[in-house]
Amino acid sequence: MAKKDKKGSDKKAKLAEKKAKQEKKADKKAKTKTARLEGSDAEDVDLDEVLAEYQRQQEQFLKVTEVVAEGPPKPRAASCFLASPSNSKELLLFGGEYFNGALATFFNDLHIYNTDRDVWKTVTSPNAPLPRSGHAWCRGGNQAQYVYLFGGEFSSPKQGTFYHYNDFWRLEPNTREWTRLEPKGKTPPARSGHRMTYFKQYIVLFGGFQDTSNATRYLADLWLYDTVNFVWFSPALPPAQLKPDARSSFTLLPHENGAVLFGGYSRVKATAAANRGGKAGAQGQRNVLKPMVHQDCFFLRVTPPAADAAPNAPPAVRWERRKKPANTPEPKRAGATMAYHKGRGIMFGGVHDVEESEEGIDSEFFNGLFAWNVERNRFFPLALRKPRQQKKGGGNADERTGRRGRAAAKEEELLKQLAALEQGKSVEDAGEIDLDTKKDAEEEGAEEEDSKPTREMPVSMELPHPRFNAQLTVQDDVLYIYGGTFEKGDREFTFDDLYAIDLGKMDGCKEVFSRKSEEDWHKKKQDEVSNAGTQSTESTAASSTAAASAEEEESEADTAATSVDDGLPHPRPFESRRDFFQRTSAEWQEVLITSLLWKGIKPESLAVKEIKAKAFELSEEKWWDSREEITALEDEQEANGVNMEPDQSFKVIIAGGSVVGLTLANALEQAGVDFLVLDKGDIAPRLGASIANYTGMARVLDQLGVWESLRQTSSPVFARQHFDEHGRLFEENQVLKLLYERTKLQVLFFERSSFLLALYNNLRDKSRVRDHVGVVTYEEDEDGVTVFTTTGEKIRGSILVGADGIHSTVRQLLADSIAKSDPQRARQLNEGFTAYYRTIFGTTKNQRIDDPNTPILADGRCQNVYYRGLSGIGVNTVRGLVFWFFFVKEDQPSTTPNCPRYTEADAENTIKQYGHLQMGPGYTFKDLWDQRIKAAMVPLEEGIVEGSWNSGGRVVLVGDSVSKVTINAGLGGNTNVEGVAHLVNELLPVLKATRNPGKQELKGVFDRYEAKHRPRSEQSLKVSRFFTRYEAMETWYLRLLRVISPWIPDSIKLKFGLDLFTGAPVLEFLPVPDKKSSA
């Protein structure tokens, strides 16, 4: 009984305690509500009357006045900042607000900053927009002399009530005059936090929000204003069309076909537990507004109405969703602003919530600078770099002068031809034309007049303090960063500063001005802070809740954007716009003339100077389009000690333009070393079948930037099927799949000609690759090497690299040069390879003869067949094609240089003899031969040249010219690329120490390259030799091994060659790519 009474007493005590807590909580809530009402000005301030008073005060100004200010404008946030579209020396700043923790002050003053004179001017007008913040403006597109402004917000001092504008204004920057536009018909509703941009004659407006102090409503409506016909359009979009969600604070950039949208911020409805501390099962659900930082991307395609359409006909518009940009800055951030610059967006700052607790939100602020290349849809980080020191010494000045002289002569010849056409003369009379170069020189000099600022501004190698919602604009390739907001604890800092960064040089951050705020921060009462509702301004909302929870990740995995070669001249590392145009001027003028002719415009209708100016614009567009790629390359080179322009004092002549020659050319170009490739045939000829790619080659290609474009053309091989001479499947192993799981790099087969073309297209300066120019002989001396070519030229270089394959001319010349002094070594060079097998390699359409709709091989399938003395491989990794090889053991081996050269008739005879044999289920070697796209028969030379691979001075051999393996294991191309990596890794450190090393230093380079590469070559030769003989069942123990092989675990088989795959070298001067990038 006592126990029962005790239980009842405990229950009553708990109920009483709970009731007391509820009463205390209700009392606290009532006190908080009273305090908030007493501190609010919601009922005391009539915003309409306040704005009317502003209007009366403004009307007292009789005219537009402009006065020189004593200093920069007062600090402010959520203003608008823009480079003047009509004056390249002026920046425009309008509106904004300043909040000191208690009261908000709004502005409607127009400030103009002269960048040349370092002078601020303040403009007052009787007809200016009323004070506001969160508005948007942009230049007028075709109406380039105007700036258009829409919307914004205003609030009472304590932000108890809000007012959103829906007025539309036009500013003429030259006269400083405002005009309120009142188009007929429907107009956009009031809003702030929206964005505007331009497209031809249209102003594009999207998004924003409306704030009533109790709730915030985000908008997703699209509006276009016709600046010619003075009317707003609100396009009716199909319900099923993908379009951006409602948002504000996003990026909206102009595009030649419309506009592009990225990112933004909004709050979305979600549910949360109503009683987190309650008992299990007692929790309810409540609706909450969850912050969302958007990272999606949309393209707005705008098609103007036809020429014969009615004046008020609307344009056709369509939203198109793009993939999430590659390399998007992480973590997600709100308040990261972006300015448009030559086809890209320059982004700075932002804020991300790290942790949310009862004490508040812990936010991380950023000051990172990024460039978003719109066409490639990829972000590139931008970093400040110290100005490069001019190198002492100087290289070969005469050669550089000669090059520039030839370029200038070519340009002058083209200009003379244009001038002749302009005067109605024939091209043959061009030599008699005198160009007015003096006038051009004077004008160029005038353009380059030094306009020094009135004071020296401090320059830092650090970016401005982290912040969000900074105002950005670009004028004359200089990025200006104004203001922004930062928070610490419960205090909000509004920055009062302006910085300038030259986007071309990135050589420092110039401080135009920076002032500390003199205003005292008025701290809110704790109850007001902890129970405050929705903030009044978008900037505060973004900072307090930005990115607390993230938008779901994009489902598209393939977001990488690859660099597509457009056949145009490409900038080199450390090359300025002027130097780039000077080097490629004639080419750009030819491009322009071709373009004009395609458009039906006669080039002679344009003045010579106009041709030159337009050509420079084309080159400048290309220079900026490549800027992020080139800057990243410059940074990589500097970080790895390769800080030089293409060094014409040291020149590498490469004989052979196949796998080795083009890979070496790519590596030297990215290292800034001058080179010239000479190939006696075509570049990327349609010869050969396929080339296999393993981990070592994949990493080097990834470093050079060619891997991604190649990877998309091929399907990976994960399994191999093995058939005996009776057509029975006796083994299907997964070794290649295990290799992928171990290295995260796929095994791929590429069409050989496509592979070579990809390497060639990856070169920026294709003028340094010459086809149909072979090596006849060479002469070495203490200072260099002279190469005599089949075209009768004498080409001077520092070293000659023999990358001309198994039938190497350079190797033969080297052997001839030492035949008398060292006959044994000459014989080693000449007779270093033996052919025990021959092969027919081919490419065939992937369709059966009897049923063209049925493929021979499924995608990603590889099949091997085993006969005594014969074998075959068929693989399908490129859609629609089968790569195949048929191996036949020779009756008698042959040694170079006496290995046979087979004809097509020889191949036909081999097929007549063995073509009836099955290659795989349901098809024979003859089937493959009969449907061939291309095929040839060659001896399978194998071996490694004994003795030194160099001349003891300035000639060295690489690739198949010194190391040749059989095809079966697919290791030949991979081993050769490794040789390129070894050679470049030994050469670059020496070039860093001395720009023109002597013969002994170069011999040391070549000896170290051989010492590292020879063991890898021997290992590759051993593995390849084994597979060739194993698949042809050459001996009794290999035939026995074939029977045992299916019982050996794949993991054991992988260990057999794992060192060969994982021990491959990379290019040490370039960053090693993440495995995932090649997965």
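The following exchange goes through some terms used for this predicted model and sets values against their definitions.

User: What should I know about the model before reading its values?
Analyst: This is a predicted model, in which local features need pLDDT of at least 70 and side-chain atom pairs count only at pLDDT 80 or more, while totals for chains, interfaces and linings use all residues. Residues are numbered from 1 along each chain as its sequence is written, and side-chain values use heavy atoms, with hydrogens and water left out.

User: Why is P573 called buried?
Analyst: A residue is buried under 20% relative accessible area, exposed over 50% and partly exposed in between, using a 1.4 Å probe and protein chains only. P573 has 4% relative accessibility, so P573 counts as buried. P573 is found in the loop between α6 (538-545) and α7 (577-598), where helices (H or I, at least four residues) and strands (E, at least two) are DSSP runs, numbered from the N terminus.

User: Why does A78 count as partly exposed, and why is D118 called buried?
Analyst: A78 has 22% relative accessibility, which lies between 20% and 50%, and therefore counts as partly exposed. D118 has a relative accessible area of 15%, which is under 20%, so D118 is buried. A78 lies in the loop between β1 (65-68) and β2 (80-83), and D118 is found in the loop between β6 (110-114) and β7 (119-124). Phi of A78 is near 55 degrees, a positive value in a residue other than glycine, and D118 has a positive phi of about 55 degrees although D118 is not a glycine.

User: What makes the atoms of S808 and V810 a polar contact?
Analyst: A polar contact is a pair of N or O atoms within 3.5 Å; within protein, one must be able to donate a hydrogen and the other to accept it, and residues adjacent in sequence count only if both atoms are side-chain atoms. At the start of α15, a side-chain oxygen of S808 reaches to within 3.3 Å of the backbone nitrogen of V810, and therefore the pair falls inside the cut-off.

User: What makes a group of residues a nonpolar core, and which members of the largest one touch the most others?
Analyst: A nonpolar core is a set of buried Ala, Val, Leu, Ile, Met, Phe, Trp, Tyr and Cys residues joined through side-chain atoms within 4.5 Å. The largest has 82 residues, of which V652, I654, F755, L800 and L1067 touch the most other members. Helix α19 (residues 972-993) gives the most to this core, with nine residues.
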